[in-house]
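Here are my notes on the model you sent over. Have it open in your viewer while you read, since the points go from one part of the fold to the next.

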Amino acid sequence: MRTAQRVALLSSLFLIAGWTSCGSGTRGEPPVVPQFDTARAFQFLLDQVAFGVRAPGTPGHDQAEAYLFGKLQETARQAIKQEFSATTSFGGPYDFANLIGLYGPAAGGKKLMLCAHWDTRPAADQDPDPNRRDQAILGANDGGSGVAVLLEMAQAFKQSPPKIPVIVAFWDAEDSGNSSGPAPYSGYLLGSQYFVKHMPAEATPDEVILLDMVGGDSLPNTRVGTRPGGNNTFDLPIERNSNAAAPELVDEVYSAARKLGNTAFKQQPGYSVIDDHMPFINAGIPAIDLIEFDYPEWHTTDDTADHCDQDSLRQVGETLLQVVYARN
Ligand SMILES: [Zn+2]
């Protein structure tokens, strides 16, 4: 993900709302929510890291693209590869691909998109060691974690198809911008911007939930320290652009987390982050971002699997399965 800024606390914006699920199972029974297989989700993270860096133009990028598209083809009723090429702040032109899977019915109810970026950043420019800042990051968390949660959810969707249309999307070219990159997002978010300009009718969402950096652990890392204003604990405060654009969707997700006791979801204002939800918000589509922006290893060479935690994936995956299967 890209960048953030602290703004004044406006706690009145964050009234705690009640449980707002759109319904339950037949005859008022609670919905049957599939199990989230946490170990398999973590394996999906390790599988991606095993390809090495997935930065544009690298062999790992090609291998991950084939792997991820194969997973969507195995699980979805329809898989779509949306290819494009672009020059980034780091070079190119490179070949890119957004990868999309369609689950549940084709119509009936709002189409809910769940998405994450799958590319990794070509430079560890936040590394405390200047000699490492030209190295690409492995992106176990920044790139790998959101995709891992969604790959495991796709397994659940195949096993027990949801009653509402669900779109799973993996964005390419999210993390190749820099502070002097071109407007509107400094060269970041290329895949999601391309998608919003070229949305296939069958994959056009009514609402969007983005996952980014949802796999961090809660252990100190003395080499990198903590992010300014941050801590070592995995938590997901409410991202501010999300709350401004889609407060009801925020409430639905955080209420589901609260119901399940998934305490990483902090019902308090977090950062304001420019991420792949912004092209949707700016196109008038409600979108939210679940993100731990103060992940201490963010954009360093320590964004590796040993600084991730299976339980973080579990909390996010269980919560989102609850959201999906409570809708019908
Ligand atoms: Zn990033």
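1. Let me start with strand 10. Both of its faces are covered: Ala287, Asp289 and Ile291 point to one side, Ile288 and Leu290 to the other, and all of them are buried. Buried here requires 20 or more other C-beta atoms within 10 Å of the residue's own, while 12 or fewer makes a residue exposed and anything in between partly exposed, with C-beta atoms placed from the backbone. Strand 10 covers residues 287–291, and 5 of the 5 are buried, so the rest of the structure largely encloses it.

2. Some ground rules before going on. This is a predicted model, so local features need pLDDT of at least 70 and side-chain atom pairs count only at pLDDT 80 or more, whereas totals for chains, interfaces and linings use all residues. Numbering starts from 1 along each chain as its sequence is written. Helices (H or I, at least four residues) and strands (E, at least two) are DSSP runs, numbered from the N terminus.

3. On confidence: pLDDT is the predictor's own confidence in each residue, on a scale from 0 to 100. The protein chain has a mean pLDDT of 92, with 91% of its residues at 70 or more. By element, the lowest mean belongs to strand 1 (residues 3–5) at 51, and the highest to strand 5 (residues 166–171) at 99. Over residues 5–25 the pLDDT is below 50, and this stretch has 39 contacts in the model beyond near neighbours in sequence. A contact means that the C-beta atoms of two residues, placed from the backbone, lie within 7 Å.

4. Overall make-up: the protein chain has 8 helices and 10 strands. Its radius of gyration, taken over C-alpha atoms, is 18 Å, close to the 20 Å that the globule rule gives for 328 residues, so the chain is as compact as a globular protein of that length. That rule is 2.2 Å times the number of residues to the power 0.38. Along the principal axes, the C-alpha atoms fill a box of roughly 60 × 40 × 35 Å. Buried residues make up 53% of the 328. Of the contacts with a separation of 6 or more, 80% are between residues 24 or more positions apart.

5. Now the sheet. 6 strands form an open sheet in the order 2-3-5-4-6-10, with mixed pairing. Strand 2 (78–88) and strand 10 sit at the edges with a single partner strand each, so one side of each is left without a neighbour in the sheet. Neighbouring strands are turned by 20° against each other on average, direction ignored.

6. Which strand pairs with strand 10? Strand 6 (residues 207–212) does, in the parallel sense over 5 bridges. Pairing here requires at least two DSSP bridges between the strands. Leu211 stands opposite Leu290, and Val208 stands opposite Ala287. Strand 6 is mostly covered, with 5 of its 6 residues buried. Strand 4 (residues 112–117) also runs parallel to strand 6, joined to it by 4 bridges, and there Leu114 faces Ile209. Elsewhere, strand 3 (residues 91–103) and strand 5 pair in the antiparallel sense over 5 bridges, with Ile100 opposite Ala169.

7. Two helices lie across the sheet strands. Helix 3 (144–159) lies across strands 3, 4, 5 and 6, at about 140° to strand 4. Helix 4 (residues 190–197) lies across strands 2, 3, 4 and 5, at about 60° to strand 3. Angles run from 0 to 180 degrees between N-to-C directions, and axes are lines fitted to C-alpha atoms, for helices over the stretch in contact. In helix 4, 7 of the 8 residues are buried, so the rest of the structure largely encloses it. Its buried residues, among them Tyr194 and Phe195, pack against strands 2, 3, 4 and 5 and helix 7 (278–281).

8. One loop residue to click on is Asp142, between strand 4 and helix 3. Is Asp142 buried or exposed? It is buried, with 27 other C-beta atoms within 10 Å. Asp142 and Ile291 are 149 residues apart in sequence and 9.8 Å apart in space, C-alpha to C-alpha.

9. Last, a helix pair. The axes of helix 6 (residues 247–260) and helix 8 (residues 310–326) come within 9 Å and cross at roughly 115°. Residues that meet there include Val253 and Ala256 in helix 6 and Thr319 and Val323 in helix 8.
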